[in-house]
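User: Could you walk me through this one? I keep meeting labels and I'd like to know how each one is earned.

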Amino acid sequence: MSPPVDLYVEPNVISLTQARAFVFERILTDDPATRTLFLLGTIPNSKTGEQETAIVKLEKAAFDTHAEGEREAVQGLMGRIGKLESLGGNDIYYWAKAWMKEDRPADIKISVIQPATEVHISKHSKQAVHLIRETPELYQSIVLPYIQSIPASRTQWVRNILSGVSEADSVIYTSPSPLGFTVVPDLKWDKSTLSTLYLSIIAHDASILSLRSLRGDLHLPLLIEMRNKTEEVVRELYPSIEKGQLRFFVHYQPSYYHFHVHVVHVSYQGSLGMSVGQAHLLDDLIDLLQLNPSALSLLPLTYALGENHALWKPLSSAIAAASSL
Ligand code: G7M
């Protein structure tokens, strides 16, 4: 039933004319991580034409690969790049920022893996994800042998950083032995936007495979130095970053097994790699090891695993077999 005529209110839609008539006053929030801008200004009322205070949120849209005609548009995307500025490269990985049209701010960040292997293709393919509870026994019987079977070529890019072959001009700090570690921008960072700052602290000791290898008696001084020295160096380099504005965390499972710590600006909320279960605060790991030097080899760990991950089949089968006993 249609509403009575005198109660009918024109739907409030914004027209192109009104949008173009927006008078900008100031930026309320600029969040590069979510690619969102909140602007304050005025827009003319559609009936009276009078300028009214308005808050406008501008959010970059996701690539729509399902809409009709969009597949063709995606196919042509790389061909439409007007300008490209390399940000770095290491082994088979390259990253850059690019402009779809030269006359506007860089609008995409590009990361390339070339030549990509089947492992890369399956890692980056959409897949179902499940939660796994990894006991210390499962770590010893399945996870550790898997890590030991990974070819050394998969961590070539890490050795390139540590030996100075790649990314040498990006390295922010190298700590001398015996507490050796190197701090370098993660390839996810554009190396300029502080609110999306993203660094990696890579341990020099390749025998620390992941957080499972950490022992209080051996590694507490290293972890504490990574935490404190990196904060000091980053704050010296970027004085606008305050104490308590850097988040230090460690992934389990990581994507490569050479111990490293992620460091991000606290306002950076955009990364899936910060999900509960995968990300462990460095401070919590230090506390756990102080309580019990073997805590990280004794605790069961729960995390999400994609079905394409090499550990999914052996771990899920072992868990299913144990629960049917
Ligand atoms: O999940 P995991 O803790 O293993 O994270 C690995 C991190 O290493 C990710 O945040 C990647 O963006 C980063 N990364 C990967 N590669 C191949 C490179 C690289 O070649 N250089 C730098 N600087 N970071 C990388």
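Analyst: Let's start at Q253, which sits in the loop between β11 (246-251) and β12. Strands are DSSP runs of E with at least two residues, helices are runs of H or I with at least four, and both are numbered from the N terminus. Mind that this is a predicted model: local features need pLDDT of at least 70, side-chain atom pairs count only at pLDDT 80 or more, and totals for chains, interfaces and linings use all residues. Residues are numbered from 1 along each chain as its sequence is written, and side-chain values use heavy atoms, leaving out hydrogens and water.

User: What is the omega of the peptide bond that joins Y252 and Q253?

Analyst: About -5°, and that bond is cis. The bond from Q114 to P115 is cis too, with omega near 0°. P115 is found in the loop between β6 (108-113) and α3 (118-123). Most peptide bonds are trans, and most residues other than glycine have a negative phi.

User: Is the phi of E167 positive or negative?

Analyst: Positive, at about 60°, although E167 is not a glycine. E167 belongs to the loop between α5 (156-163) and β8 (173-175).

User: How do you know which residues surround the ligand?

Analyst: A residue is near if one of its heavy atoms lies within 4 Å of the molecule. 15 residues surround the ligand, and the closest are D186, K188, S255, H260 and H262. By class, the shell has seven nonpolar, five polar and three charged residues. (Asp, Glu, Lys and Arg are charged; Ala, Val, Leu, Ile, Met, Phe, Trp, Tyr, Cys and Pro are nonpolar; the others, Gly among them, are polar.)

User: Why is the pair between the ligand and the side chain of H251 called a polar contact?

Analyst: The limit for a pair of N or O atoms is 3.5 Å, and here a ligand oxygen is 2.7 Å from an N or O atom of the H251 side chain, so the pair counts. A backbone N or O atom of Y256 lies 3.4 Å from a ligand oxygen, so that pair passes as well. The protein covers 91% of the 550 Å² of accessible area that the ligand has on its own (Shrake-Rupley method, 1.4 Å probe). β5 (93-99) and β12 (260-265) are the elements giving two or more residues to the shell.

User: What makes a space a cavity?

Analyst: On a 1 Å grid over the protein atoms alone, a 1.4 Å probe must fit but be unable to get out; lining residues have an atom within 4 Å of a point. One cavity of 30 Å³ or more is counted. The largest has a volume of about 50 Å³, which is the space filled by probe spheres set on the points, joined across faces, edges and corners. Its lining includes H251, Y256 and H260, and no charged residues.

Conventions: Polar contact = N/O pair within 3.5 Å; in protein donor to acceptor, adjacent residues only side chain to side chain. 1 Å grid on protein atoms, 1.4 Å probe; cavity = no way out; pocket = protein on both sides within 12 Å on 5 of 7 lines; lining within 4 Å.
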